[in-house]
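Q: I'd like a close look at a single part of this model, please. Pick one helix, and follow it outwards to whatever surrounds it.

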Amino acid sequence: MKAKLPQKFLLMMTANLFLNWQNVHANDKVRVVTSLPDLKSIAEFVGGDKVEAFAIATGFQNPHFVDPKPSYILKLTKANMFVTVGLDLETGWVPPLLNSARNASINKGGPGYVDASLHVPLLQVPASVNRAEGDIHIFGNPHYWLDPANGKIIAQNICDCLVRIDPANRAYFQENLQKFNARVDAKLKDWVAAMLPFKGTKVIAYHNEWPYFEQRFGLVIADFLEPKPGIPPTPSQLAKVINTMKRDHIKVIINSPYFAAQSAELVASNTGGKVVTLATSVGAEESIKTYFDLFDHNVAMMVEALK
Ligand SMILES: [Zn+2]
């Protein structure tokens, strides 16, 4: 009997240590780095106060072209989780940053790596992968976060990773995911209703980044100022667009915050059309603080431009 006492004591000590370790671990926030602020916003909805999120790109930068700064490498070195849009959206800047960070757990195949495009029904997937003539959408159109319904798929991918990294908070993450999804469903009804009177309206866009928005909200994007994604507007392309706008009575040109307005203004002045600059990401305007603000803003802008 006497000999069993120290054993019990040891067991208690071990259990205590384990509990302490678990508590410390539970109090640590999951450090999430995302390529875009939209992914950060969704990660914050799902992760709540259990995550600390940082987005590399700002909301008014062209997501195809971001300068890889050393400070981003430091963030990635310390991250538990990295979320990327994927396809070839960030081809020029995410791989070099991940290589420099040397953090295996957030690299492709690691437990903390999230390709947010997983299970997204992609649009414009070409029959063959071809980077000819500078095309930067070679695996399909990568601007899928601009359909709020895809936001739910992104949130699921993020939730799966959070559960993998921090299983103790599984129920919390899953509850947040359900709340996020319910809010998307409720808001989506309002946004679709607001856009319904303009169903089938043809518009022009600078860059081919609106097919998911177009599909969700019933617009028809007739042509682009860029002759190919990533190739700046040419005089012949602008002339072609002007002809199309005159022929089809198109009145709206969608610009993005990171494209100079000259080309769009030139086309507008030749056609009596107007330029509307939509937000492509959270943070494009100071008022756009969350993923929901993004669509509140863009739907309001489009309704105003089209009415
Ligand atoms: Zn693009």
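A: Happy to! First, the naming: helices (H or I, at least four residues) and strands (E, at least two) are DSSP runs, numbered from the N terminus. This is a predicted model, in which local features need pLDDT of at least 70 and side-chain atom pairs count only at pLDDT 80 or more, while totals for chains, interfaces and linings use all residues. Residues are numbered from 1 along each chain as its sequence is written.

Let's take helix H2, residues 37-47. H2 is mostly covered, with 11 of its 11 residues buried. Here, buried stands for 20 or more other C-beta atoms within 10 Å of a residue's own, exposed for 12 or fewer, and partly exposed for the range in between, with C-beta atoms placed from the backbone. The buried set runs from Pro37 to Gly47 and includes the charged-looking names you might pause over, among them Asp38, Lys40 and Glu44. Just after H2 comes Gly48, with a positive phi near 55 degrees.

What do the buried residues of H2 pack against? They pack against strands S1 (30-34), S2 (51-55) and S3 (81-84), and against H5, H6 and helix H10 (291-306). Contact here requires the C-beta atoms of two residues, placed from the backbone, to lie within 7 Å.

Two of those partners, H5 (residues 148-165) and H6 (residues 170-195), also pack on each other, at an angle of about 175 degrees and with their axes 10 Å apart. The axes are lines fitted to C-alpha atoms, for helices over the stretch in contact, and angles run from 0 to 180 degrees between N-to-C directions. H5 and H6 are therefore roughly antiparallel to each other (under 35 degrees is roughly parallel, over 145 roughly antiparallel, 65 to 115 roughly perpendicular, and the rest oblique). On the H5 side the contact includes Gly151, Ala155, Cys159 and Leu162, and on the H6 side it includes Phe173, Leu177, Phe180 and Val184. By class, this contact has 11 nonpolar, four polar and three charged residues. For these classes, Ala, Val, Leu, Ile, Met, Phe, Trp, Tyr, Cys and Pro are nonpolar, Asp, Glu, Lys and Arg are charged, and the others, Gly among them, are polar.

Stepping back, the chain is divided into domain 1 (25-190) and domain 2 (193-306), with bounds that come from an automatic or database domain assignment. Their centres, taken over C-alpha atoms, are separated by 25 Å. Across the boundary, 32 residues of domain 1 are in contact with 27 residues of domain 2. H2, H5 and H6 each supply at least two residues of the side of domain 1 that touches domain 2. That side divides into 11 nonpolar, 13 polar and eight charged residues.

One more stop follows S3, a partner of H2. In the loop between S3 and helix H4 (94-101) sits Leu87. Leu87 has a positive phi of about 55 degrees, although it is not a glycine. Most residues other than glycine have a negative phi. With 22 C-beta neighbours inside 10 Å, Leu87 counts as buried. Now contrast His249, in the loop between H8 and strand S7 (252-255). Phi of His249 is also positive, near 55 degrees, yet His249 is exposed, with 10 other C-beta atoms within 10 Å.
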